[in-house]
Amino acid sequence: ALEDSPAHALATYPDENLIIDHTEGLYVGYRYFDSYGVQPAYAFGHGLSYTSFDYSDLSVEKSGEEVVVRLTVTNSGDVAGAEVVQVYVEDDESSLERPKKELKAFEKVRLEPGASAELVLSLGEDAFSFYDPSVPGWVLEPGAFTVHVGGSSDDIRLQGQVAW
């Protein structure tokens, strides 16, 4: 419904001076839907395929100043196809309000039926940081983060943990 859109639900429409106050802030698109429990007709990253994909063997490891996300994607259907694997990060405990999860990496993989591929995606410090206007600047707080991997913002298949 229109009322479920963050632009509609949180925006203040033009006043007598034709000023619009966009109060949705960080909560644009999928960030709003996920954080406020709204189920959209088609989630961010939603795609259609004539085949299906399985995700397995997730590994999330901090290596120096980056986090390496490894997983295996298998075409479990009967025809060749492509999948866009998406990696989202969730700050388990932040001093500032943040969306439930934030897209930080993605990779498209094309596979024949029954074929598998190992994907390796790297996340730098910026993937775990947030902008703090009181600093002002980007802040990386120590703590635990959940890494979500899936085919769209509402199709999370695997989760892992990492600490900074």
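I count two residues as in contact when they have heavy atoms within 4.5 Å of each other. I need that for the entry on Thr-146, which comes next. The model I am reading is a predicted one.

**Entry: Thr-146**

I looked up Thr-146 and found it in strand β10, which covers residues 144-150. I set aside its neighbours within four places in sequence and listed what Thr-146 is in contact with. The list holds Tyr-88, Val-89, Glu-90 and Asp-92, and also Gln-159, Gly-160 and Gln-161.

Is Thr-146 buried or exposed? Its relative accessible area is 7%, and the cut-off for buried is under 20%, so I noted Thr-146 as buried.

I also checked a distance from Thr-146 to Gly-124. The two are 22 residues apart along the chain, and their C-alpha atoms are separated by 15 Å.

**Entry: the whole chain**

I stepped back to the whole protein. I counted two helices and eleven strands. In order from the N terminus, the elements read α-β-β-α-β-β-β-β-β-β-β-β-β.

I noted the extent of the C-alpha trace along its principal axes as about 60 × 40 × 20 Å. The protein has 164 residues, and 40% of them count as buried. The exposed area comes to about 9400 Å², with 51% of it supplied by carbon and sulfur atoms.

I then looked at contacts between residues at least 6 apart in sequence. Of these, 60% join residues at least 24 apart.

**Entry: salt bridges**

How many salt bridges does a search of the whole structure find? I got eight. I wrote down three pairs and one network.

The pair Asp-34 and Lys-101 has its closest N and O atoms 2.8 Å apart. Asp-34 sits in helix α2 (residues 30-36) and Lys-101 in the loop between β5 and β6, so the pair links distant parts of the chain, 67 residues apart. I checked burial for both partners. Asp-34 has a relative accessible area of 19%, and Lys-101 has one of 8%. Buried means under 20%, so Asp-34 counts as buried, and so does Lys-101.

The next pair is Glu-83 and Arg-157, whose side chains meet in a salt bridge at 3.9 Å, N to O. Glu-83 belongs to strand β5 and Arg-157 to strand β11 (residues 156-163), and the two are 74 residues apart. Glu-83 is buried at 12% relative accessibility, whereas Arg-157 is partly exposed at 34%.

The third pair is Lys-100 and Glu-90, with the closest N and O atoms 3.3 Å apart. Lys-100 is in the loop between β5 and β6, and Glu-90 is in strand β5, ten residues away. Lys-100 is partly exposed at 40% relative accessibility, and Glu-90 is buried at 16%. I had met Glu-90 before, among the contacts of Thr-146.

The network of salt bridges links Arg-31, Asp-91, Arg-98, Glu-102 and Lys-104.

**Entry: the largest pocket**

I turned to the pockets. The largest holds about 270 Å³ of space. It is lined by 17 residues, and those closest to its centre are Gly-47, Leu-48, Ser-49, Glu-83 and Gly-151. Glu-83 is also the residue that pairs with Arg-157 in a salt bridge.

Which strand gives the largest share of this lining? It is β5 (residues 81-91), with four residues. By kind, the lining divides into four nonpolar, nine polar and four charged residues.

**Entry: the second largest pocket**

The second largest pocket has about 180 Å³ of space. Its lining includes Leu-26, Leu-96, Glu-97, Pro-99, Ser-129, Phe-130, Tyr-131 and Trp-138. Arg-31, Arg-98, Glu-102 and Lys-104 line it too, and these four are also members of the salt-bridge network.

Strands β6 (102-111) and β8 (130-132) each supply at least two residues of the lining. Sorted by kind, the lining has six nonpolar residues, one polar and five charged.

How values were computed. Residues numbered from 1 in each chain as written. Predicted model: local features only at pLDDT ≥ 70, side-chain atom pairs only at ≥ 80, totals over all residues. Heavy atoms only, no water. 1 Å grid on protein atoms, 1.4 Å probe; cavity = no way out; pocket = protein on both sides within 12 Å on 5 of 7 lines; lining within 4 Å. Points joined across faces, edges and corners; volume = space filled by probe spheres on them. Nonpolar A, V, L, I, M, F, W, Y, C, P; charged D, E, K, R; others polar. Buried < 20%, exposed > 50% of the residue type's maximum accessible area, 1.4 Å probe, protein only. Areas by Shrake-Rupley, 256 points an atom, 1.4 Å probe, with all protein chains shown as cover.
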